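Visitor: I should like to understand how the terms used for a protein model are justified. May we go through them one by one?

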Amino acid sequence: AVVSTQSTGELIQRRRNVVEEQQRLKSPKQQSVPTVVEKPREEYIPERDVSEVIELHKQNQAKLADQMLSMTRNLKNVSVAARDIIAQDNKNLSGVQDIVDKNTAKLSKETSQLEKFNKSSGKCWVWSLIFLVMVIFIVMVIFIRLFPKRK
C-alpha cells in the first residue's frame with residue numbers, strides 16, 4: 001500500500017508539471033475549461049484484487065484532482081485578467097473625471113466672460129443709438145437753419 005501511494009504522488013506531480021507547462025504555453029484568452037469525461041462505472045469483477053481496485057480509485061482521484069487543479073488555475077487566470085481590466089478601466093475613469101473637471105472649470109470661466117461681453121456690448125449699442133439720435137437732431141437743426149420755410 002505504501003508503494004502505490006508513492007507512485008500516485010509521483011503521478012500527480014508529473015501531471016501537475018504537464019498542466020503547468022500547458023498553462024505557460026497558453027495565453028489567458030486561449031485557455032479553455034477542460035471537460036470532465038465521465039467513464040461508465042466499472043462492474044464488479046471478483047477476480048480483481050482489492051489492491052488493484054484501490055489503485056484504480058487512486059488513479060481516478062488523481063485525475064479528478066488534476067482536472068480540478070487545471071480548472072482552478074484557469075479560473076485564477078480569468079479572474080486576474082478581469083482584475084487587470086477593471087484596474088485599467090478605473091484608471092481611465094479617473095483620467096476622464098480629471099478632464100471633465102478641467103473642462104467644467106474652463107466652461108464656467110468662458111461663460112462669465114461671455115456674460116461680461118454681453119453686458120458691455122449692450123451698453124455700447126445704447127450709447128451708439130443715443131449718439132446717432134443726437135447727430136440726426138443736429139443735422140436737422142442745421143438743415144432747418146439753412147433752408148428756412150418759404151413764405
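Visitor: Which residues make the nonpolar surface patch?

Guide: In this predicted model, the patch is made by Phe137, Ile138, Val141, Ile142, Phe143, Ile144, Leu146 and Phe147, and its area is about 850 Å².

Visitor: What makes Ile138 eligible for a patch?

Guide: A patch residue needs over 30% relative accessible area. Ile138 has 49%, and therefore passes that cut-off. Ile138 has its place in helix H2, which covers residues 50-146.

Visitor: Why is Ile138 called partly exposed?

Guide: Exposed requires over 50% and buried requires under 20%. The 49% of Ile138 lies in between, so the residue is called partly exposed.

Visitor: How do you know that Asp84 and Arg83 meet in a salt bridge?

Guide: The definition asks for a nitrogen of Lys or Arg within 4 Å of a carboxyl oxygen of Asp or Glu. The distance from N to O is 3.4 Å for the side chains of Asp84 and Arg83, so the pair qualifies. The structure holds one salt bridge. Side chains of opposite charge can pair when their charged atoms come close.

Visitor: Why is Arg83 called exposed, and why is Asp84 called partly exposed?

Guide: Arg83 has 53% relative accessibility, which is over 50%, so Arg83 counts as exposed. Asp84 has 42%, between the two cut-offs, and is therefore partly exposed.

Visitor: What share of the protein is buried?

Guide: Buried residues make up 7% of the 151 residues. The protein exposes about 13900 Å², of which carbon and sulfur atoms supply 64%. Its secondary structure comes to two helices and zero strands.

Terms used:
Residues numbered from 1 in each chain as written. Predicted model: local features only at pLDDT ≥ 70, side-chain atom pairs only at ≥ 80, totals over all residues. Heavy atoms only, no water. Buried < 20%, exposed > 50% of the residue type's maximum accessible area, 1.4 Å probe, protein only. Patch = residues over 30% accessible without salt bridge, like charges linked within 9 Å, V, L, I, M, F, W, Y side chains within 5 Å. Areas by Shrake-Rupley, 256 points an atom, 1.4 Å probe, with all protein chains shown as cover. Helix = DSSP H or I, 4+ residues; strand = E, 2+ residues; numbered from the N terminus.
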